[in-house]
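Colleague: I am new to this one and would love a close look at a single part. Could you walk me through it?

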Amino acid sequence: MRTVYTPILSFLFLCLTITAFGQQLTLKPNFFNEKLEDGWDRPVGITFDENGQGYVWEKRGSVFILDKEGHKLATPLVSIDEEVMNVGDLGMLGFALDPQFTSNGYFYLLYVVDPHYLYTFGTS
């Protein structure tokens with residue numbers, strides 16, 4: 001009996017999921033739903049400094065600055081792609097600006113280090 005119900009329940013779950021995702025998204029006040037431009041590689045988050053300058057970090061290990069129109073600059077602020085273990089759920093998952101970032105330029109990264117890079121970088 002269990003094998004008969006499993007496909008039926010799976011089908012019903014799939015139908016409910018498709019119906020739920022097909023509905024119009026309603027946002028609370030002061031929230032915006034905007035399509036991200038093309039050219040990003042798994043962006044993880046965005047933060048802003050006290051002047052409103054935007055910074056977006058990608059899972060692979062790059063942080064990009066946004067221009068006044070919200071487009072990413074061609075050259076990243078930092079790129080440590082070869083050092084980051086970008087596999088599955090692992091990667092660069094956090095980025096924070098120092099409270100005095102505009103005066104000292106310090107920022108902080110949270111990422112998983114690739115063990116191969118960790119143990120063999122700089123060796124032949």
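In which sense do strand 2 and strand 3 pair, and over how many bridges?

Modeller: Happy to help! This is a predicted model, where local features need pLDDT of at least 70 and side-chain atom pairs count only at pLDDT 80 or more, while totals for chains, interfaces and linings use all residues. Residues are numbered from 1 along each chain as its sequence is written, and side-chain values use heavy atoms, with hydrogens and water left out.

Strand 2 and strand 3 pair in the antiparallel sense, over three bridges. Strands here are DSSP runs of E, at least two residues long, numbered from the N terminus, and two strands pair if DSSP finds at least two bridges between them. Across this pair, Tyr55 stands opposite Ile65 of strand 3. Three residues lie between the strands of this hairpin, and Gly61 there has a positive phi near 125°.

On to strand 4: two bridges join strand 3 to this antiparallel partner. Val63 is opposite Val78, and Ser62 has Ser79 as its bridge partner.

Look at the directions too: Ser62 and Phe64 point one way from strand 3, Val63 and Ile65 the other, and all are buried (under 20% relative accessible area, with a 1.4 Å probe and protein chains only).

Stepping back, four strands form an open antiparallel sheet in the order 1-2-3-4. Strand 1 (43-48) and strand 4 (78-79) are at the edges with a single partner strand each, so one side of each has no neighbour in the sheet.

Conventions: Buried means under 20% relative accessible area, exposed over 50%, partly exposed in between (1.4 Å probe, protein chains only).
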